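Biologist: I am new to this structure and should be grateful for a close look at a single part of it, the aromatic rings and their surroundings. Please begin with one ring and then proceed to the others.

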Amino acid sequence: MMTAARQITTGNEGLDTILRGGLPANRLYLVEGAPGSGKTTLSLKFLRAGIEAGEKTLYITLSETREELAVVAASHGWDLDEFTVFELSSMADVFGDGREQSVLHPWEMELGETIKLIEAEVERRNPARIVFDSLSEMRLLAQDSLRYRRQILALKQFFAGRDATVILVDDMTGSQNGADAHLHSLCHGVITLERLTLEFGAARRRLQVQKLRGVDFIAGYHDLNIKHGGLEIYPRLIASDHHANYVGEPVPSGVPALDALTHGGPLRGTSTLITGPAGSGKTTIALQYLYAACERGECATIYEFDERIGTLLLRAQAFGLDLQKFIDSGCLVVEQIDPAELSPGEFAARVRNEVEGRNARMIAIDSLNGYLAAMPQEQQLILQMHELLSYLSQKGVVTFLINPQQGLMGSMSGDLNISYVADAVIMLRFFEADGRIRKAISVIKNRAGQHEDAIREFRIDSAGVRVGQPLTAFRGVLTGTPEYTGDRGPLMEDR
(Lines give C-alpha, C1' and ligand atoms only; values in the text may rest on other atoms or scores of the structure.)
Protein backbone atom coordinates (compact mmCIF):
# COMPACT_ATOMS: atom_id res chain seq x y z
CA MET A 1 0.00 0.00 0.00
CA MET A 2 1.45 3.33 -1.10
CA THR A 3 1.47 6.25 1.32
CA ALA A 4 1.38 9.94 0.47
CA ALA A 5 4.78 11.60 0.26
CA ARG A 6 5.85 13.91 3.07
CA GLN A 7 5.34 17.54 2.13
CA ILE A 8 7.91 20.25 2.78
CA THR A 9 7.40 23.99 2.74
CA THR A 10 8.66 26.04 -0.18
CA GLY A 11 9.33 28.94 2.19
CA ASN A 12 6.56 30.91 0.52
CA GLU A 13 3.17 30.98 2.23
CA GLY A 14 1.27 31.83 -0.95
CA LEU A 15 2.89 29.04 -2.96
CA ASP A 16 2.32 26.53 -0.16
CA THR A 17 -1.38 27.48 -0.24
CA ILE A 18 -1.48 26.87 -3.99
CA LEU A 19 0.26 23.49 -3.49
CA ARG A 20 -2.14 22.56 -0.64
CA GLY A 21 0.65 22.41 1.91
CA GLY A 22 3.96 22.35 0.03
CA LEU A 23 6.05 20.15 -2.25
CA PRO A 24 6.21 16.35 -1.85
CA ALA A 25 9.72 15.67 -0.54
CA ASN A 26 12.53 13.87 -2.38
CA ARG A 27 11.26 14.68 -5.86
CA LEU A 28 12.59 16.55 -8.90
CA TYR A 29 10.87 19.83 -9.84
CA LEU A 30 11.21 22.35 -12.64
CA VAL A 31 10.92 26.10 -12.08
CA GLU A 32 10.86 27.84 -15.46
CA GLY A 33 10.38 31.38 -16.66
CA ALA A 34 11.91 34.23 -18.61
CA PRO A 35 14.73 36.30 -17.07
CA GLY A 36 13.39 38.68 -14.43
CA SER A 37 10.34 36.61 -13.55
CA GLY A 38 11.58 35.73 -10.02
CA LYS A 39 13.08 32.24 -10.37
CA THR A 40 16.29 32.93 -8.44
CA THR A 41 14.43 34.66 -5.61
CA LEU A 42 11.97 31.75 -5.32
CA SER A 43 14.84 29.23 -5.35
CA LEU A 44 16.85 31.04 -2.66
CA LYS A 45 13.75 31.26 -0.47
CA PHE A 46 13.22 27.52 -0.92
CA LEU A 47 16.76 26.84 0.31
CA ARG A 48 16.42 29.36 3.12
CA ALA A 49 13.36 27.47 4.42
CA GLY A 50 15.52 24.35 4.54
CA ILE A 51 18.29 26.17 6.39
CA GLU A 52 15.78 27.41 8.97
CA ALA A 53 14.60 23.81 9.42
CA GLY A 54 18.17 22.65 10.08
CA GLU A 55 18.61 20.93 6.72
CA LYS A 56 21.70 20.89 4.51
CA THR A 57 21.21 22.82 1.26
CA LEU A 58 23.17 23.34 -1.95
CA TYR A 59 22.87 25.96 -4.71
CA ILE A 60 24.58 24.80 -7.91
CA THR A 61 25.04 27.66 -10.35
CA LEU A 62 26.23 27.36 -13.93
CA SER A 63 25.05 30.81 -14.96
CA GLU A 64 25.29 33.40 -12.19
CA THR A 65 28.44 34.12 -10.22
CA ARG A 66 28.54 34.12 -6.44
CA GLU A 67 28.77 37.91 -6.51
CA GLU A 68 25.61 38.16 -8.62
CA LEU A 69 23.78 35.83 -6.27
CA ALA A 70 24.98 37.90 -3.30
CA VAL A 71 23.35 41.00 -4.82
CA VAL A 72 20.01 39.18 -5.18
CA ALA A 73 20.21 37.84 -1.63
CA ALA A 74 21.16 41.24 -0.18
CA SER A 75 18.17 42.89 -1.89
CA HIS A 76 15.95 40.70 0.30
CA GLY A 77 17.96 41.11 3.48
CA TRP A 78 19.64 37.70 3.27
CA ASP A 79 23.32 36.88 3.71
CA LEU A 80 24.65 34.59 0.96
CA ASP A 81 27.14 33.15 3.46
CA GLU A 82 24.17 31.29 4.96
CA PHE A 83 23.92 29.30 1.70
CA THR A 84 26.26 26.67 0.34
CA VAL A 85 26.97 27.75 -3.24
CA PHE A 86 28.77 25.53 -5.77
CA GLU A 87 29.83 27.82 -8.61
CA LEU A 88 30.48 26.46 -12.10
CA SER A 89 30.24 29.69 -14.03
CA SER A 90 33.65 29.38 -15.70
CA MET A 91 35.28 26.54 -17.55
CA ALA A 92 38.29 26.83 -15.23
CA ASP A 93 36.08 25.27 -12.56
CA VAL A 94 35.44 22.31 -14.85
CA PHE A 95 38.93 21.60 -16.12
CA GLY A 96 40.98 23.05 -13.29
CA ASP A 97 43.19 26.11 -13.09
CA GLY A 98 45.73 26.27 -15.86
CA ARG A 99 43.67 24.35 -18.45
CA GLU A 100 42.09 26.60 -20.98
CA GLN A 101 39.06 25.84 -23.05
CA SER A 102 39.95 25.21 -26.66
CA VAL A 103 37.97 24.90 -29.86
CA LEU A 104 39.72 21.55 -30.22
CA HIS A 105 38.35 20.27 -26.92
CA PRO A 106 35.36 17.92 -27.49
CA TRP A 107 32.10 19.34 -26.17
CA GLU A 108 31.23 15.86 -24.97
CA MET A 109 34.04 16.10 -22.41
CA GLU A 110 32.90 19.57 -21.30
CA LEU A 111 29.42 18.32 -20.43
CA GLY A 112 30.63 15.06 -19.00
CA GLU A 113 33.14 16.75 -16.69
CA THR A 114 30.49 19.23 -15.55
CA ILE A 115 28.07 16.44 -14.60
CA LYS A 116 30.83 14.54 -12.75
CA LEU A 117 31.75 17.62 -10.72
CA ILE A 118 28.12 18.23 -9.80
CA GLU A 119 27.56 14.62 -8.75
CA ALA A 120 30.77 14.62 -6.69
CA GLU A 121 29.75 17.81 -4.87
CA VAL A 122 26.29 16.44 -4.12
CA GLU A 123 27.77 13.21 -2.73
CA ARG A 124 30.21 15.19 -0.60
CA ARG A 125 27.62 17.61 0.82
CA ASN A 126 24.66 15.20 0.97
CA PRO A 127 22.11 18.06 0.97
CA ALA A 128 18.38 17.66 1.60
CA ARG A 129 17.52 20.55 -0.75
CA ILE A 130 19.24 21.31 -4.05
CA VAL A 131 18.78 24.09 -6.60
CA PHE A 132 20.33 23.60 -10.04
CA ASP A 133 20.60 26.93 -11.91
CA SER A 134 20.26 26.78 -14.84
CA LEU A 135 19.44 24.26 -17.55
CA SER A 136 20.15 26.75 -20.34
CA GLU A 137 23.88 26.31 -19.79
CA MET A 138 23.39 22.54 -19.95
CA ARG A 139 21.80 22.97 -23.38
CA LEU A 140 24.76 25.05 -24.55
CA LEU A 141 27.25 22.46 -23.37
CA ALA A 142 25.29 19.59 -24.91
CA GLN A 143 24.79 21.31 -28.31
CA ASP A 144 22.45 18.46 -29.17
CA SER A 145 18.87 18.11 -27.89
CA LEU A 146 19.06 14.30 -27.63
CA ARG A 147 22.27 14.36 -25.58
CA TYR A 148 20.87 17.14 -23.42
CA ARG A 149 17.76 15.13 -22.60
CA ARG A 150 19.81 12.04 -21.85
CA GLN A 151 21.90 14.01 -19.37
CA ILE A 152 18.79 15.40 -17.67
CA LEU A 153 17.42 11.86 -17.37
CA ALA A 154 20.76 10.72 -15.95
CA LEU A 155 20.65 13.56 -13.39
CA LYS A 156 17.13 12.56 -12.41
CA GLN A 157 18.23 8.97 -11.86
CA PHE A 158 21.22 10.17 -9.83
CA PHE A 159 19.07 12.34 -7.57
CA ALA A 160 16.40 9.62 -7.26
CA GLY A 161 18.74 7.54 -5.16
CA ARG A 162 19.21 10.30 -2.61
CA ASP A 163 16.94 11.81 0.04
CA ALA A 164 16.92 15.22 -1.62
CA THR A 165 14.32 17.58 -3.05
CA VAL A 166 15.71 19.11 -6.23
CA ILE A 167 14.64 22.23 -8.15
CA LEU A 168 15.90 22.61 -11.71
CA VAL A 169 15.81 26.24 -12.89
CA ASP A 170 15.28 26.98 -16.58
CA ASP A 171 15.24 30.49 -18.04
CA MET A 172 13.96 29.05 -21.34
CA THR A 173 16.48 31.08 -23.38
CA GLY A 174 18.07 28.04 -24.98
CA SER A 175 14.84 26.32 -25.88
CA GLN A 176 13.65 26.95 -29.44
CA ASN A 177 9.94 26.63 -28.73
CA GLY A 178 9.70 28.00 -25.20
CA ALA A 179 8.54 25.26 -22.82
CA ASP A 180 10.29 21.89 -23.15
CA ALA A 181 7.57 19.21 -23.17
CA HIS A 182 10.08 16.40 -22.69
CA LEU A 183 11.57 18.15 -19.67
CA HIS A 184 8.05 18.62 -18.25
CA SER A 185 7.41 14.89 -18.51
CA LEU A 186 10.61 14.03 -16.64
CA CYS A 187 9.88 16.24 -13.63
CA HIS A 188 7.51 15.45 -10.78
CA GLY A 189 6.15 19.00 -10.88
CA VAL A 190 6.47 22.12 -13.03
CA ILE A 191 6.08 25.73 -11.83
CA THR A 192 6.04 28.45 -14.49
CA LEU A 193 6.73 32.14 -13.76
CA GLU A 194 5.83 34.89 -16.21
CA ARG A 195 6.66 38.57 -16.50
CA LEU A 196 4.22 40.69 -18.52
CA THR A 197 4.87 44.26 -19.67
CA LEU A 198 1.69 46.30 -20.03
CA GLU A 199 1.28 49.40 -22.16
CA PHE A 200 1.33 51.52 -19.00
CA GLY A 201 2.25 50.91 -15.38
CA ALA A 202 4.45 48.43 -13.59
CA ALA A 203 5.31 45.03 -15.03
CA ARG A 204 2.94 42.27 -13.95
CA ARG A 205 4.17 38.89 -12.81
CA ARG A 206 2.18 35.72 -12.41
CA LEU A 207 2.70 32.06 -11.63
CA GLN A 208 1.02 28.81 -12.50
CA VAL A 209 1.62 25.22 -11.45
CA GLN A 210 1.62 23.28 -14.72
CA LYS A 211 1.68 19.88 -13.02
CA LEU A 212 2.28 18.29 -9.64
CA ARG A 213 1.81 14.56 -9.48
CA GLY A 214 -0.45 13.31 -6.70
CA VAL A 215 -1.45 16.77 -5.43
CA ASP A 216 -4.76 18.56 -5.95
CA PHE A 217 -3.18 21.99 -6.34
CA ILE A 218 -4.99 25.25 -7.17
CA ALA A 219 -4.76 25.49 -10.95
CA GLY A 220 -4.73 28.65 -13.01
CA TYR A 221 -2.72 31.86 -12.87
CA HIS A 222 -1.78 33.51 -9.59
CA ASP A 223 -0.50 37.10 -9.48
CA LEU A 224 2.75 37.83 -7.65
CA ASN A 225 5.14 40.65 -6.79
CA ILE A 226 8.84 40.64 -6.02
CA LYS A 227 9.22 42.49 -2.73
CA HIS A 228 11.81 42.77 0.01
CA GLY A 229 11.95 39.34 1.60
CA GLY A 230 11.03 37.29 -1.47
CA LEU A 231 8.07 36.70 -3.74
CA GLU A 232 4.64 37.74 -2.53
CA ILE A 233 2.27 35.33 -4.25
CA TYR A 234 -1.50 35.86 -4.23
CA PRO A 235 -3.35 32.54 -4.67
CA ARG A 236 -6.33 32.73 -6.99
CA LEU A 237 -9.48 33.32 -4.97
CA ILE A 238 -11.96 30.43 -4.85
CA ALA A 239 -15.05 31.62 -3.00
CA SER A 240 -16.41 28.16 -2.18
CA ASP A 241 -13.37 27.46 0.02
CA HIS A 242 -14.23 30.27 2.44
CA HIS A 243 -17.74 29.73 3.74
CA ALA A 244 -18.58 31.10 7.19
CA ASN A 245 -21.85 30.97 9.11
CA TYR A 246 -23.63 34.29 9.63
CA VAL A 247 -27.11 35.74 10.12
CA GLY A 248 -28.48 37.49 7.03
CA GLU A 249 -29.96 40.44 8.93
CA PRO A 250 -30.56 43.88 7.41
CA VAL A 251 -27.85 46.50 7.96
CA PRO A 252 -29.24 50.00 8.60
CA SER A 253 -27.67 53.26 7.42
CA GLY A 254 -28.91 55.43 10.29
CA VAL A 255 -31.28 57.20 7.87
CA PRO A 256 -34.70 55.51 8.23
CA ALA A 257 -36.05 56.88 4.96
CA LEU A 258 -33.02 55.51 3.09
CA ASP A 259 -33.36 52.10 4.75
CA ALA A 260 -37.05 52.00 3.86
CA LEU A 261 -36.14 51.78 0.17
CA THR A 262 -34.83 48.24 0.77
CA HIS A 263 -37.15 47.42 3.69
CA GLY A 264 -34.55 47.86 6.42
CA GLY A 265 -31.27 48.07 4.53
CA PRO A 266 -29.10 45.61 2.58
CA LEU A 267 -28.75 42.16 4.12
CA ARG A 268 -25.44 40.80 5.36
CA GLY A 269 -23.69 38.81 2.69
CA THR A 270 -25.11 40.90 -0.16
CA SER A 271 -23.60 43.39 -2.57
CA THR A 272 -25.21 46.68 -3.57
CA LEU A 273 -24.37 48.56 -6.75
CA ILE A 274 -24.83 52.34 -6.50
CA THR A 275 -24.91 53.82 -9.98
CA GLY A 276 -25.52 57.28 -11.38
CA PRO A 277 -23.81 60.29 -12.98
CA ALA A 278 -20.86 62.11 -11.46
CA GLY A 279 -21.78 64.29 -8.48
CA SER A 280 -25.10 62.59 -7.79
CA GLY A 281 -24.08 61.35 -4.31
CA LYS A 282 -23.04 57.71 -4.88
CA THR A 283 -19.99 57.78 -2.61
CA THR A 284 -21.81 59.71 0.12
CA ILE A 285 -24.58 57.10 0.31
CA ALA A 286 -21.94 54.36 0.70
CA LEU A 287 -20.15 56.44 3.36
CA GLN A 288 -23.43 56.79 5.26
CA TYR A 289 -23.64 53.01 5.58
CA LEU A 290 -19.96 52.72 6.55
CA TYR A 291 -20.35 55.47 9.14
CA ALA A 292 -23.33 53.69 10.70
CA ALA A 293 -21.37 50.42 10.77
CA CYS A 294 -18.49 52.07 12.63
CA GLU A 295 -20.93 53.61 15.09
CA ARG A 296 -22.12 50.07 15.84
CA GLY A 297 -18.50 49.05 16.47
CA GLU A 298 -18.13 47.08 13.21
CA CYS A 299 -14.93 47.40 11.20
CA ALA A 300 -15.27 48.75 7.66
CA THR A 301 -12.97 49.41 4.71
CA ILE A 302 -13.25 51.62 1.64
CA TYR A 303 -10.94 51.28 -1.38
CA GLU A 304 -10.52 54.58 -3.21
CA PHE A 305 -9.48 54.19 -6.84
CA ASP A 306 -10.58 57.68 -7.95
CA GLU A 307 -10.81 60.32 -5.23
CA ARG A 308 -7.98 61.45 -2.97
CA ILE A 309 -8.43 60.47 0.68
CA GLY A 310 -8.08 64.07 1.92
CA THR A 311 -10.82 65.27 -0.42
CA LEU A 312 -13.06 62.39 0.62
CA LEU A 313 -12.71 63.17 4.33
CA LEU A 314 -13.34 66.90 3.86
CA ARG A 315 -16.45 66.28 1.78
CA ALA A 316 -17.79 63.71 4.24
CA GLN A 317 -17.30 66.12 7.14
CA ALA A 318 -19.23 68.81 5.27
CA PHE A 319 -22.17 66.40 5.17
CA GLY A 320 -21.97 65.64 8.89
CA LEU A 321 -19.91 62.42 8.65
CA ASP A 322 -16.77 62.66 10.80
CA LEU A 323 -14.82 59.71 9.43
CA GLN A 324 -11.50 60.76 10.94
CA LYS A 325 -12.44 59.64 14.45
CA PHE A 326 -13.13 56.12 13.20
CA ILE A 327 -9.89 56.09 11.20
CA ASP A 328 -7.99 57.13 14.33
CA SER A 329 -9.64 54.37 16.37
CA GLY A 330 -8.83 51.77 13.71
CA CYS A 331 -12.48 50.95 13.04
CA LEU A 332 -12.38 52.41 9.52
CA VAL A 333 -9.65 51.93 6.93
CA VAL A 334 -9.57 54.15 3.83
CA GLU A 335 -7.01 52.77 1.38
CA GLN A 336 -5.85 54.72 -1.65
CA ILE A 337 -5.38 52.42 -4.64
CA ASP A 338 -3.15 53.16 -7.61
CA PRO A 339 -4.56 50.91 -10.33
CA ALA A 340 -1.43 51.21 -12.47
CA GLU A 341 0.59 49.54 -9.72
CA LEU A 342 -1.90 46.93 -8.53
CA SER A 343 -2.72 43.50 -9.94
CA PRO A 344 -6.20 42.02 -9.49
CA GLY A 345 -4.78 39.16 -7.42
CA GLU A 346 -3.09 41.56 -5.03
CA PHE A 347 -6.29 43.57 -4.65
CA ALA A 348 -8.25 40.41 -3.81
CA ALA A 349 -5.55 39.50 -1.28
CA ARG A 350 -5.87 42.92 0.37
CA VAL A 351 -9.63 42.49 0.66
CA ARG A 352 -9.15 39.03 2.18
CA ASN A 353 -6.68 40.43 4.68
CA GLU A 354 -9.22 43.06 5.78
CA VAL A 355 -11.98 40.48 6.16
CA GLU A 356 -9.98 37.70 7.78
CA GLY A 357 -7.27 39.72 9.51
CA ARG A 358 -9.23 42.75 10.69
CA ASN A 359 -12.75 41.27 10.68
CA ALA A 360 -14.12 43.97 8.37
CA ARG A 361 -17.91 43.59 8.09
CA MET A 362 -18.46 46.17 5.34
CA ILE A 363 -16.44 46.87 2.17
CA ALA A 364 -16.86 49.69 -0.36
CA ILE A 365 -15.11 49.86 -3.75
CA ASP A 366 -15.02 53.36 -5.26
CA SER A 367 -15.14 52.99 -8.16
CA LEU A 368 -15.50 50.10 -10.57
CA ASN A 369 -14.14 52.24 -13.40
CA GLY A 370 -10.93 52.60 -11.38
CA TYR A 371 -10.84 48.88 -10.79
CA LEU A 372 -11.29 48.36 -14.53
CA ALA A 373 -8.10 50.37 -15.10
CA ALA A 374 -6.20 47.76 -13.10
CA MET A 375 -7.24 45.04 -15.54
CA PRO A 376 -6.01 44.45 -19.09
CA GLN A 377 -9.22 42.70 -20.24
CA GLU A 378 -12.82 43.43 -19.24
CA GLN A 379 -13.87 39.78 -19.22
CA GLN A 380 -11.26 38.98 -16.59
CA LEU A 381 -12.56 41.87 -14.51
CA ILE A 382 -16.11 40.52 -14.57
CA LEU A 383 -14.99 37.01 -13.61
CA GLN A 384 -12.65 38.12 -10.84
CA MET A 385 -15.12 40.63 -9.44
CA HIS A 386 -17.81 37.95 -9.44
CA GLU A 387 -15.52 35.60 -7.49
CA LEU A 388 -14.56 38.37 -5.06
CA LEU A 389 -18.21 39.24 -4.41
CA SER A 390 -19.02 35.55 -3.93
CA TYR A 391 -16.21 35.32 -1.37
CA LEU A 392 -17.50 38.38 0.50
CA SER A 393 -20.98 36.91 0.43
CA GLN A 394 -19.69 33.63 1.90
CA LYS A 395 -18.13 35.66 4.72
CA GLY A 396 -21.32 37.64 5.43
CA VAL A 397 -19.76 40.96 4.42
CA VAL A 398 -21.91 43.83 3.13
CA THR A 399 -20.36 45.20 -0.07
CA PHE A 400 -20.99 48.48 -1.86
CA LEU A 401 -19.87 48.93 -5.47
CA ILE A 402 -19.85 52.43 -6.93
CA ASN A 403 -20.24 52.65 -10.69
CA PRO A 404 -20.25 56.12 -12.29
CA GLN A 405 -22.14 56.63 -15.52
CA GLN A 406 -21.23 58.89 -18.40
CA GLY A 407 -23.31 62.01 -18.91
CA LEU A 408 -25.36 64.17 -16.56
CA MET A 409 -28.80 64.50 -18.13
CA GLY A 410 -30.66 62.47 -20.69
CA SER A 411 -29.46 59.05 -21.82
CA MET A 412 -26.54 57.81 -19.73
CA SER A 413 -24.27 54.80 -20.12
CA GLY A 414 -21.50 53.11 -18.17
CA ASP A 415 -18.19 51.62 -19.28
CA LEU A 416 -18.95 48.41 -17.44
CA ASN A 417 -22.05 46.26 -17.37
CA ILE A 418 -21.68 44.68 -13.94
CA SER A 419 -25.17 45.16 -12.56
CA TYR A 420 -25.94 41.46 -12.95
CA VAL A 421 -23.36 40.44 -10.34
CA ALA A 422 -24.83 42.74 -7.66
CA ASP A 423 -27.69 41.66 -5.40
CA ALA A 424 -29.22 45.15 -5.26
CA VAL A 425 -28.99 48.19 -7.50
CA ILE A 426 -29.58 51.76 -6.32
CA MET A 427 -29.96 54.24 -9.16
CA LEU A 428 -29.41 57.99 -8.81
CA ARG A 429 -30.55 60.58 -11.30
CA PHE A 430 -30.58 64.35 -11.80
CA PHE A 431 -33.76 66.15 -12.74
CA GLU A 432 -34.81 69.79 -13.05
CA ALA A 433 -37.71 71.48 -11.27
CA ASP A 434 -38.40 75.13 -10.43
CA GLY A 435 -35.15 76.14 -12.09
CA ARG A 436 -33.04 73.92 -9.80
CA ILE A 437 -31.02 70.75 -10.35
CA ARG A 438 -32.40 68.08 -8.05
CA LYS A 439 -31.60 64.44 -7.40
CA ALA A 440 -33.76 61.33 -7.46
CA ILE A 441 -33.13 57.89 -5.92
CA SER A 442 -34.74 54.54 -6.63
CA VAL A 443 -34.05 50.84 -6.06
CA ILE A 444 -34.47 48.92 -9.29
CA LYS A 445 -33.34 45.51 -8.06
CA ASN A 446 -33.05 43.62 -4.76
CA ARG A 447 -32.49 39.88 -4.90
CA ALA A 448 -32.35 39.61 -1.12
CA GLY A 449 -35.94 40.70 -0.54
CA GLN A 450 -38.57 43.29 -1.25
CA HIS A 451 -37.83 46.86 -2.20
CA GLU A 452 -39.79 50.03 -2.75
CA ASP A 453 -40.60 50.78 -6.37
CA ALA A 454 -41.16 54.51 -5.88
CA ILE A 455 -38.84 57.18 -7.27
CA ARG A 456 -38.02 59.63 -4.51
CA GLU A 457 -36.16 62.88 -4.33
CA PHE A 458 -33.14 62.99 -2.07
CA ARG A 459 -30.69 65.63 -0.91
CA ILE A 460 -27.22 65.66 0.59
CA ASP A 461 -26.33 68.76 2.59
CA SER A 462 -25.07 69.78 6.02
CA ALA A 463 -28.01 67.88 7.51
CA GLY A 464 -26.71 64.67 5.92
CA VAL A 465 -28.59 62.35 3.60
CA ARG A 466 -32.33 63.07 3.33
CA VAL A 467 -34.91 61.16 1.31
CA GLY A 468 -38.17 62.87 0.33
CA GLN A 469 -41.59 61.86 -0.94
CA PRO A 470 -42.26 59.89 -4.15
CA LEU A 471 -42.07 62.08 -7.25
CA THR A 472 -45.64 61.38 -8.35
CA ALA A 473 -45.90 64.68 -10.21
CA PHE A 474 -43.12 63.76 -12.64
CA ARG A 475 -42.62 61.12 -15.27
CA GLY A 476 -39.46 60.19 -17.14
CA VAL A 477 -37.15 60.83 -14.14
CA LEU A 478 -35.14 57.65 -14.78
CA THR A 479 -34.41 58.76 -18.34
CA GLY A 480 -32.91 62.01 -17.08
CA THR A 481 -35.46 64.06 -19.02
CA PRO A 482 -38.45 64.27 -16.65
CA GLU A 483 -41.75 65.82 -17.57
CA TYR A 484 -43.68 67.84 -14.95
CA THR A 485 -47.31 66.73 -14.71
CA GLY A 486 -48.60 68.19 -11.43
CA ASP A 487 -47.95 70.58 -8.57
CA ARG A 488 -44.68 71.03 -6.71
CA GLY A 489 -45.92 69.75 -3.36
CA PRO A 490 -43.70 66.65 -3.07
CA LEU A 491 -40.42 68.54 -3.69
CA MET A 492 -37.94 68.95 -0.84
CA GLU A 493 -36.95 72.43 0.27
CA ASP A 494 -34.39 73.74 2.74
CA ARG A 495 -35.24 73.22 6.39
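Biologist: Which residue lies over the face of Phe46, and at what distance from the ring centre?

Modeller: The model is a predicted one, and in it Arg129 lies over the face of Phe46, 4.6 Å from the ring centre. A further arrangement of this kind involves Tyr221: Arg206 lies over the face of that ring, at 3.6 Å from its centre.

Rings also meet other rings. Counting those whose centres lie within 6.5 Å, one finds seven aromatic pairs. One of them joins Tyr291 and Phe326 in an edge-to-face arrangement, with 5.2 Å from centre to centre and 75° between the planes. Because Tyr291 belongs to helix α10 and Phe326 to helix α12, this pair ties together parts that are 35 residues apart in sequence. Both Tyr291 and Phe326 are buried. Elsewhere, Tyr303, Phe305, Phe347 and Tyr371 form one aromatic cluster.

The two helices joined by the Tyr291 and Phe326 pair also figure in the surroundings of helix α11. This helix spans residues 309–318, and its buried residues are Leu312, Leu313 and Ala316. These three lie on the same side of α11, because they cover an arc of only 95° around the axis. The buried residues of α11 pack against α10 (282–295) and α12 (324–329), as well as against β13 (299–304) and β14 (332–336). Just after α11 comes Gly320, which takes a positive phi of about 85°.

Technical notes. Residues numbered from 1 in each chain as written. Predicted model: local features only at pLDDT ≥ 70, side-chain atom pairs only at ≥ 80, totals over all residues. Heavy atoms only, no water. Buried < 20%, exposed > 50% of the residue type's maximum accessible area, 1.4 Å probe, protein only. Helix = DSSP H or I, 4+ residues; strand = E, 2+ residues; numbered from the N terminus. Arc of directions from axis to C-beta. Contact = heavy atoms within 4.5 Å. Phe/Tyr/Trp six-rings, centres within 6.5 Å; stacked < 30°, edge-to-face > 60°. Lys NZ or Arg CZ within 6 Å of the ring centre and 35° of its normal.
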